[in-house]
Each structure stands twice: as structure tokens, then as C-alpha cells.
Amino acid sequence: MRIAEPRAPASPTSKRQIARRERILRAAAELGARDKFETVQMHEVAKNADVAIATLYRYFPSKNALFSALLKMEVGAFDAGRPRGRGTDPVTQAAELLVGLSRHLLARPVLAAAMIQASTAEYFAAAMDDVEPTKDALGRILLRIIGAEKPNEQDVSVVRLLAHCWWGALVSTLSGQTTPEKAKADIELAARLLLAPYSGR
């Protein structure tokens with residue numbers, strides 16, 4: 001029996017398509033903030049977004065893809081709407097970004113758990129090149145903060161390590177394995193240790 005290859009999600013090109021995709025993401029956020037990930041149904045997302053189920057699957061081939069995309073949207077929206085920090089120092093900027101992003105996501109813990117679960121599944125299924133910081137929403141933001149317009153291998157590795165530290169702190173806080181205060185201290189320490197060479201450039 002031949003097994004079909006996973007289909008890549010469609011990219012919206014017109015304003016109408018972009019608006020439709022955003023409606024889907026908003027509907028997923030509303031349901032994901034209310035119900036556990038396992039109980040969210042794709043047909044209910046489509047209904048609440050006022051789109052056909054086929055349209056939903058065109059943009060998001062699976063529930064994991066949908067909630068992983070939602071996390072990327074949340075990261076981008078948070079970065080776009082936040083104050084840019086007290087100065088240009090990359091340590092301060094990165095720490096404030098990551099601590100603030102954690103606080104933002106954890107304000108809706110049920111939704112945060114859904115996005116983390118989906119993103120983890122997508123990460124395991126992705127090819128190695130597809131999870132590089134240069135192709136990741138948060139990774140690109142951190143590369144911008146350290147001033148790496150044309151990042152070299154070390155820049156990418158540093159950003160990858162910092163993102164991994166943040167992700168671990170986020171998951172630990174959500175699961176109750178650490179407190180928000182300890183997670184904040186860990187994130188700030190990771191930023192200082194990893195980004196010190198980029199200060200004062």
C-alpha cells in the first residue's frame with residue numbers, strides 16, 4: 001500500500017485568503033484557551049471561523065500544524081506590540097523579550113499547553129534544516145536582537161541554545177516544575193551567559 005506524503009500547507013496570497021487564515025487562527029485560539037488540546041475538534045474550529053473544513057485543512061493539514069502556527073503568530077504579534085526595552089544592549093533586549101513572552105503565553109495556560117504540545121510534535125516530525133533558527137519566528141527575532149543580519153554558524157548556535165533554554169523554562173513553569181520567578185532568573189542568566197560577547201558591539 002502506498003502511503004501519501006504529508007501535504008505542505010497552502011500560503012494565502014490575497015487579502016481575502018489572509019483574512020480567512022487569520023479567522024481560523026483566532027477561532028483555534030478561542031477554543032484552545034477553553035478546551036484541552038485533545039478535545040478541540042477541527043470541524044468546530046472551521047465552524048467558528050466560518051470556513052469550510054476543506055479550507056481549514058488547506059492551510060493547516062493537521063491540528064498540530066494549526067496550533068504550531070498559532071504559536072508562531074503569538075510570538076510575532078507579541079514582538080511587534082512590545083516596547084523595545086530600556087536600551088540597545090542585546091542581553092537586556094533578549095531577556096525582556098523572552099520573559100515577557102513567557103508571561104504572555106502563560107496568561108492562558110490551557111492554550112499554552114496546546115501550542116507547546118503541537119509544536120513539539122511538529123518539531124519531531126520536521127527535517128533538520130526546517131528547525132534552524134533562521135527559519136523560526138523566535139530565532140529570527142533573536143538574531144535581529146544580536147545584530148546578526150547575516151548570521152554565521154556561531155550566531156545560529158547561540159540563538160538556538162538561548163531558545164532551547166527559554167523553551168525549557170516555559171515548559172517547566174507550565175508543568176509546575178518551577179516557579180515563574182525562578183524561570184525568569186534562569187532566562188536572564190542564560191541571556192547574560194550566551195549573549196555577553198554581543199554586548200557593546
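"Exposed" here means over 50% relative accessible area and "buried" means under 20%, with partly exposed in between. Keep those cut-offs handy for this tour of a predicted model.

**Stop 1: helix 2, outer face.** Select His43 and Lys47. These two exposed residues sit on the face of helix 2 turned away from its buried side.

**Stop 2: helix 2, inner face.** Now pick Met42, Val45, Ala46 and Ala49, which are buried residues of helix 2. Turn the view until you look straight down the helix axis: the buried residues fall within an arc of 100°, so they line one face of helix 2. What do they pack against? Show helix 1, helix 3 (53-59) and helix 4 (63-81), and you have the partners of the buried residues of helix 2. Before moving on, click Asp50, which follows helix 2 and has a positive phi, near 60°.

**Stop 3: back up to the loop.** Go to Asp35, in the loop between helix 1 (15-34) and helix 2 (42-49). Show side chains here: that of Asp35 makes a polar contact with the side chain of Arg34, at 2.8 Å. Setting aside neighbours within four places in sequence, Asp35 is in contact with Val40 and Val110. For a sense of scale, draw a C-alpha to C-alpha distance from Asp35 to Lys15: the two are 20 residues apart in sequence and 30 Å apart in space.

**Stop 4: the core.** Which residues have the most contacts inside the largest nonpolar core? Select Ile24, Val45, Leu66, Phe67, Leu138 and Leu142. The whole core has 57 residues, and helix 5 (residues 90-106) gives the most to it, with eight. Colour by domain and you'll find that this core draws at least three residues from each of domain 1 (12-61) and domain 2 (63-198).

Zoom in on Leu66. Apart from neighbours within four places in sequence, Leu66 is in contact with Ile24, Leu25, Ala28, Met42, Val45, Leu56 and Phe60. Met42 and Val45 should look familiar, as both are among the buried residues of helix 2 from the second stop.

**Stop 5: Lys72.** Last, select Lys72 in helix 4. Is Lys72 buried, partly exposed or exposed? Its relative accessibility is 48%, so Lys72 counts as partly exposed. Then add Leu138, which you met in the core as one of the residues with the most contacts. Lys72 and Leu138 are 66 residues apart in sequence, yet their C-alpha atoms are 7.8 Å apart in space.

Notes:
Residues numbered from 1 in each chain as written. Predicted model: local features only at pLDDT ≥ 70, side-chain atom pairs only at ≥ 80, totals over all residues. Heavy atoms only, no water. Helix = DSSP H or I, 4+ residues; strand = E, 2+ residues; numbered from the N terminus. Contact = heavy atoms within 4.5 Å. Polar contact = N/O pair within 3.5 Å; in protein donor to acceptor, adjacent residues only side chain to side chain. Buried < 20%, exposed > 50% of the residue type's maximum accessible area, 1.4 Å probe, protein only. Arc of directions from axis to C-beta. Core = buried A, V, L, I, M, F, W, Y, C linked by side-chain atoms within 4.5 Å. Domains from an automatic or database assignment.
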